[in-house]
Amino acid sequence: MNDKAQRVIEAVEHVIAMEDVQPGYPDANGNTNTTWCNRALHRVLVMLGAQADLILEPKGINWTTANRMVLQARATLGRQLSPVEAQCRANDGLVVIAMAHNPNGSGHVETVLFDTETFRADRGCRVGGAGKTNGIGYVRPRFANLEVEYYIVPPLSGGTAD
């Protein structure tokens, strides 16, 4: 594993341990029926020097749901990667995100992580993030049965995400 891939894993591990991305952490209205995949992904991207603003609403992260992040990514990040390509690029140390739009509820977003195992389509990419549970695992089961899209997030000018 190269240093860039290691930094991605370390950023995800650091962020998903934060108190305010834990399941049930209260929102601004005191609601505790909450998950924070959007907040966690945004922090990971910022920590890695990636262009996090490309997947945000103009008002910022507090106005950007996971579903909205997917729509923004579709509009700003170019072509989708195949799952195999996404895993390969993450293994190379690029910042790759996994995203699912859910027209019937909350979407979901995570970061694709380096994997030493051979890619298997039945489990998908290795990912990490916040959600109903915070952790690292594979797209299946972390995204349940949602259709997952993959994108590379480019670095800021002079950033380390490249």
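Is Tyr25, at 30% relative accessibility, counted as buried, exposed or partly exposed? In this predicted model, Tyr25 counts as partly exposed, because a residue has to fall under 20% to be buried and rise over 50% to be exposed.

## An aromatic pair and its surroundings

The count of aromatic pairs comes to 1. The pair is formed by Tyr25 and Trp36, which meet edge-to-face, with 6.5 Å from centre to centre and 70 degrees between their planes. Both residues lie in the loop between α1 and α2, so the pair ties together parts that are 11 residues apart in sequence.

Trp36, for its part, counts as buried, because its relative accessibility is 11%, and the charged end of Arg39 sits over the ring of Trp36, 4.0 Å from its centre. A further arrangement of this kind involves Lys59, which lies over the face of Trp63 at 4.5 Å from the ring centre.

## The nonpolar cores

The largest nonpolar core has 34 residues, and among those with the most contacts inside it are Leu45, Ile55, Ile97 and Val109. At least two residues of this core are supplied by each of α1 (3–16), α2 (37–47), α3 (66–76) and β1 (96–100), while the largest share, 7 residues, comes from α1.

Leu77 is also one of the residues with the most contacts inside this core. Leaving aside residues up to four places away in sequence, Leu77 touches Leu54, Ile55, Ile97, Tyr151, Ile152, Val153 and Pro154. A second, separate core has 13 residues, including Leu81, Val139, Val148 and Tyr150.

Methods. Residues are numbered from 1 along each chain as its sequence is written. This is a predicted model: local features need pLDDT of at least 70, side-chain atom pairs count only at pLDDT 80 or more; totals for chains, interfaces and linings use all residues. Side-chain values use heavy atoms; hydrogens and water are left out. A nonpolar core is a set of buried Ala, Val, Leu, Ile, Met, Phe, Trp, Tyr and Cys residues joined through side-chain atoms within 4.5 Å. Buried means under 20% relative accessible area, exposed over 50%, partly exposed in between (1.4 Å probe, protein chains only). Helices (H or I, at least four residues) and strands (E, at least two) are DSSP runs, numbered from the N terminus. Contact means heavy atoms within 4.5 Å. Rings of Phe, Tyr and Trp (its six-membered ring) pair if their centres lie within 6.5 Å; planes under 30 degrees apart count as stacked, over 60 as edge-to-face and the rest as tilted. A charge sits over a ring if NZ of Lys or CZ of Arg is within 6 Å of the ring centre and within 35 degrees of the ring normal.
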